[in-house]
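Here is a short walk through one protein model. Keep the structure in view and follow along.

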Amino acid sequence: MFKRVAPWCLAVMAMAVPAAAQDKPYGIAIGAALVGPLSDSADRFSTGLGFTAGATWHITPQIGLTGDYLWSTLGTQDDWGGLVATRPVDVTPRIQFGTVGLRFQAPPAKVRIHLVGGLGLYHRTVRMTTSGSGDITVCDPWWLVCTAGPVPVGSVNRTHATTDPGLNIGAGITAGMFFAEIRYHFMWGPSFTTPSGSQQATGKFLPLTIGVVF
């Protein structure tokens with residue numbers, strides 16, 4: 001999906017305002033996000049859509065302090081066979097996070113590239129629903145639940161959540177008032193005792209954001 005979006009992104013930026021904007025002490029950005037899971041997260045989840053908003057304080061023309069927020073849905077992998085469950089379970093995953101970091105950008109020009117990296121606080125939720133009553137056994141750390149044995153349906157038939165710290169690093173480009181950025185995010189997660197041993201539900205995601213900056 002990223003390969004299909006990238007050409008469109010470049011085409012939009014090519015139509016950006018041709019004159020470089022005057023440098024201001026701050027910039028505000030809003031945009032849409034295409035969030036791609038990686039590694040173990042990609043085994044369970046598929047690409048989701050969301051929105052982002054942020055601001056950058058330009059300490060110098062090339063260095064800035066940036067902060068942003070992103071909220072996104074996520075899809076699920078229909079063919080994921082690693083989940084241990086005694087009955088079918090539907091899941092609705094979401095992710096949102098806020099980050100702060102440093103931004104390094106090229107000198108003022110019609111088109112400017114930048115690098116960005118920093119720390120973040122990441123909130124993941126997985127809404128689980130299943131029909132019927134009685135007991136259920138389900139265990140998947142990345143779905144934020146692992147029961148030691150059969151438990152009442154109500155104990156897993158709800159929203160499971162975790163909030164954890166993480167790191168991020170990425171790069172982007174700005175042309176006129178349009179920008180595009182791709183950033184790698186790694187977040188720590190809670191540990192679960194599974195039949196195959198202890199597993200930590202770390203998260204790895206690669207959002208592509210496209211939007212406008214003021």
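The paragraphs below go from the overall fold to the barrel, then to the cores and the cavity.

This is a predicted model. Start with the whole chain. The protein chain holds 17 strands and two helices. It has 214 residues, and 43% of them are buried. Now look at the contacts between residues with a separation of 6 or more. Of these, 66% link residues that are 24 or more positions apart.

Next, find the barrel. Eight strands form it, and it is closed. Trace them in the order S1-S3-S4-S7-S8-S13-S14-S17. The pairing is antiparallel. From one strand to the next, the twist averages 25°.

One pair of strands deserves a stop. Strand S14 covers residues 178-187, and strand S17 covers residues 203-213. The two run antiparallel, with eight bridges joining them. Which residue in S17 does methionine 187 stand opposite? The partner is glycine 203.

Now turn to the nonpolar side chains. The largest nonpolar core has 22 residues. Which of its members touch the most others? They are Val126 and Met128. Three strands each supply at least two residues of this core: S1 (26-37), S7 (90-105) and S8 (111-129). Another core lies apart from it. This one has five residues, including Cys139, Trp142, Phe192 and Ala201.

Stay with methionine 128 for a moment. Set aside its neighbours within four places in sequence. Methionine 128 is then in contact with Val89, Asp90 and Val91. Its contacts also include Val138, Trp143 and Val145. Val156, Asn157, Arg158 and His160 complete the list.

Last comes the empty space. How many cavities of 30 Å³ or more are there? The count comes to one. The largest cavity has a volume of about 70 Å³. Its lining includes Phe45, Leu74, Pro93 and Arg94. Arg124, Thr125 and Val126 line it too, and so do Trp142, Leu144 and Phe205. Which elements give two or more residues to this lining? They are S7 and S8. The largest share, three residues, comes from S8.

Some names come up twice. Val126 lines the largest cavity and is also one of the two residues with the most contacts to other members in the largest nonpolar core. Trp142 is in the lining and belongs to the core of five residues. Strands S7 and S8 sit in the barrel order, supply residues to the largest core and give residues to the cavity lining.

Note on methods: Residues numbered from 1 in each chain as written. Predicted model: local features only at pLDDT ≥ 70, side-chain atom pairs only at ≥ 80, totals over all residues. Heavy atoms only, no water. Pairing = 2+ DSSP bridges. Helix = DSSP H or I, 4+ residues; strand = E, 2+ residues; numbered from the N terminus. Axes fitted to C-alpha atoms, helices over the stretch in contact; angles between N-to-C directions. Core = buried A, V, L, I, M, F, W, Y, C linked by side-chain atoms within 4.5 Å. Buried < 20%, exposed > 50% of the residue type's maximum accessible area, 1.4 Å probe, protein only. Contact = heavy atoms within 4.5 Å. 1 Å grid on protein atoms, 1.4 Å probe; cavity = no way out; pocket = protein on both sides within 12 Å on 5 of 7 lines; lining within 4 Å. Points joined across faces, edges and corners; volume = space filled by probe spheres on them.
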